Amino acid sequence: MEDEKHIEEFKKKTPKSQQLYIQASKHIAGGVESNVRIIDPYPIYMTHGKGQFIYDVDGNEYIDLLLGMGSIILGHNDPEIRQAVIDRVTKGGDVLGAPSDLAVEYAEKVKKPFPSMDLIRFCNSGTEATMNLIRIARAYTGKDCIAKAEGAYHGGHDYALHALHLTEDLLDGDPRNPPCLPYGSGIPKYITEELIKVFPFNDINATAEILEKNQDKLAAVIVEPVMGGGGLIIPKNDFLKDLRRVTEKLGIVLIFDEVLVGFRIAYGGGQEKYDVKADLTALSKIAGGGFQLACLGGKREIMEIVLPSTQGTAAEVTAGMTSAVQVGTYNGHPTGLAAGSKAIEILGRPGTYEYLEKISAMLFGGLRDQLEDKKIVGTVNNVGPLGQIYFDCDKADTWRETFALSEEKWNKFFYGGISKGVYFGIPHPDERFFLSKAHTEEDIQRVLDITDELLNEIKKG
Ligand SMILES: Cc1ncc(COP(=O)(O)O)c(C=O)c1O
């Protein structure tokens, strides 16, 4: 499947990773910590990151466009974030299990770029954040169903693992009324059949019909402002504004999953970029400054549903049945709060997003020019420092349009990048790559020189 020449180069370059993979596979399922890290012929085991680079166990340096799956935007091991974490760890950085001063400082900082969040809470991952928000929306509305976009990823819990990573042959013919299929096994049938509705991102008429038909059942619509599933699908024709209007009219809570795009496509994420206010918002990745932290929040009247209630019978109140429970030993961990708080502060300084836009235009615009000059059929989608290249796909405005992409050509691109010293993001053609403030214009030019060679090879076949 993969390009043999580049796989050979890959193996020559990474013998210690191959060794470690054999060892790791004895103890860790698949030798990796998470399914997305599985790649052929084996994963490259990394030791650390510094600035715009990551280093593997063989000592190879890569220009890093994976950036902690999008969690790093200031560069790895940013000196100010590192110092904030060291200070916290020196003072006492382990878990307290009690509220901390840092949580208050963080809350004040995060609400400036995300003013739709009147009240927030903390947890540890994007998965937990969307899972908690779905429960909060259910408790608030008294309804059980949620609607999600076909192809969208919202984390690894049972409600989110639907209608994604599917192939064309598994789908029925009607893109305006997508089926709900589970992603993977182990998900209760009841959830799939009764609790999840699926809508087509960027088709507001079809989406509105689905929401109207299920209005009485739907607690929430969960959506990424820019859809990461399928690579990168950019909202078109005011899709998000219309979705806001329709959900408001139907009394359905609108959840923006800003885990990937918050602090990335703009300081205030998708809500700032597209001028839309969500009812509830999930943040993680950059919001934790490269450490484990997630933050969920939204309208006061909705978020207050997490507070222990005095309503209901004494037994119901004691059993916590009248409020939505939001808990976790590690919620608001001191190191995550210290790192996230510092990251938000640094990102708020003048010039940050202008610089990111500048290097993003250089990289993604450069890739577009190269495809055009070489007459290679393909598309490059990006919103600021977040983008993907699609081969054989001349347009990627909807998730189903991305089915046309060539996995083979993308593999040549990815593995070729590895052999030449660039790590092109999450190693799958329906994922994406990222830029950080630590990347210099020289780095971008080096990446473009490499892609020029790779695209010539792809053109030759
Ligand atoms: C949009 C979105 N939501 C949720 C998640 C899940 O976050 P985590 O991996 O921290 O659980 C991700 C992770 O990539 C994501 O991109």
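Is Phe433 buried or exposed? In this predicted model, Phe433 is buried, with a relative accessible area of 1%. The residue makes a good entry point to the aromatic contacts, and the paragraphs below move from there to a pocket and then to the strands.

A pair of aromatic rings is described by the distance of the centres and the angle of the planes. On that basis the count comes to 18 aromatic pairs. One of them joins Tyr106 and Phe122, whose ring centres are 5.4 Å apart; the planes meet at 75°, over the 60 degrees required, so this pair is edge-to-face. Its two members come from distant parts of the chain, 16 residues apart: Tyr106 belongs to helix 5 (residues 101-110) and Phe122 to strand 4 (residues 119-123). Tyr106 has a relative accessibility of 0% and therefore counts as buried. Phe122 counts as buried too, at 11% relative accessibility.

Phe433 itself takes part in a pair with Phe364, the ring centres being 5.5 Å apart; since the planes are at 25°, the pair is stacked. Here Phe364 comes from helix 14 (residues 352-373) and Phe433 from strand 14 (residues 433-434), so the contact ties together parts of the chain that are 69 residues apart in sequence. Like its partner, Phe364 counts as buried, with 0% relative accessibility.

Ring pairs also build a cluster, whose members are Phe10, Tyr21, Tyr42, Tyr62, Trp410, Phe414, Tyr415 and Tyr423. Elsewhere, an aromatic ring meets a charge: the charged end of Arg138 sits over the ring of Tyr159, at 4.3 Å from the ring centre.

Phe122 reappears in the description of open space. The second largest pocket holds about 460 Å³. Its lining is made up of 24 residues, and those closest to the pocket centre are Pro99, Ser100, Ala103, Phe122 and Asn331. Two or more lining residues come from each of helix 5, strand 4 and helix 13 (334-347). Strand 4 provides the largest share of this lining, with four residues. By residue type, the lining of the second largest pocket comprises 13 nonpolar, eight polar and three charged residues. Helix 5 and strand 4, which carry the Tyr106 and Phe122 pair, are thus both represented in the wall of this pocket.

Strand 4 also leads on to the strand pairings. With strand 10, strand 4 pairs in the antiparallel sense over five bridges, and within this pairing Cys123 stands opposite Ala294 of strand 10. Strand 10 has a further antiparallel partner in strand 9 (residues 280-283), to which it is joined by four bridges; there, Ala282 stands opposite Leu296. What is the setting of strand 10 (residues 294-298)? Five of its five residues are buried, so strand 10 is largely enclosed by the rest of the structure. Ala294, Leu296 and Gly298 point one way from the strand, while Cys295 and Gly297 point the other way, and all are buried.

A separate topic is the open sheet of four strands, which has the order 1-2-3-13 and mixed pairing. Its edges are strand 1 (46-50) and strand 13, each of which pairs on one side only. Strand 2 (residues 53-56) and strand 3 (residues 61-64) run antiparallel and are joined by three bridges. Opposite one another in this pairing are Ile54 and Tyr62, as well as Tyr55 and Glu61. The two strands form a hairpin with four residues between them, and Gly59 in the turn shows a positive phi of about 85°. On the way to the edge, strand 3 pairs with strand 13 (residues 422-423) in the parallel sense over two bridges, where Asp64 stands opposite Tyr423. Tyr62 and Tyr423, met here in the strand pairings, are also members of the aromatic cluster described above.

A last point concerns helix 2 (residues 15-27), in which Ala24 has its place. Ala24 has 10% relative accessibility and so counts as buried. From Ala24 to Val85 the separation is 61 residues in sequence and 29 Å in space, C-alpha to C-alpha.

Terms used
Residues numbered from 1 in each chain as written. Predicted model: local features only at pLDDT ≥ 70, side-chain atom pairs only at ≥ 80, totals over all residues. Heavy atoms only, no water. Phe/Tyr/Trp six-rings, centres within 6.5 Å; stacked < 30°, edge-to-face > 60°. Buried < 20%, exposed > 50% of the residue type's maximum accessible area, 1.4 Å probe, protein only. Lys NZ or Arg CZ within 6 Å of the ring centre and 35° of its normal. 1 Å grid on protein atoms, 1.4 Å probe; cavity = no way out; pocket = protein on both sides within 12 Å on 5 of 7 lines; lining within 4 Å. Points joined across faces, edges and corners; volume = space filled by probe spheres on them. Nonpolar A, V, L, I, M, F, W, Y, C, P; charged D, E, K, R; others polar. Pairing = 2+ DSSP bridges.
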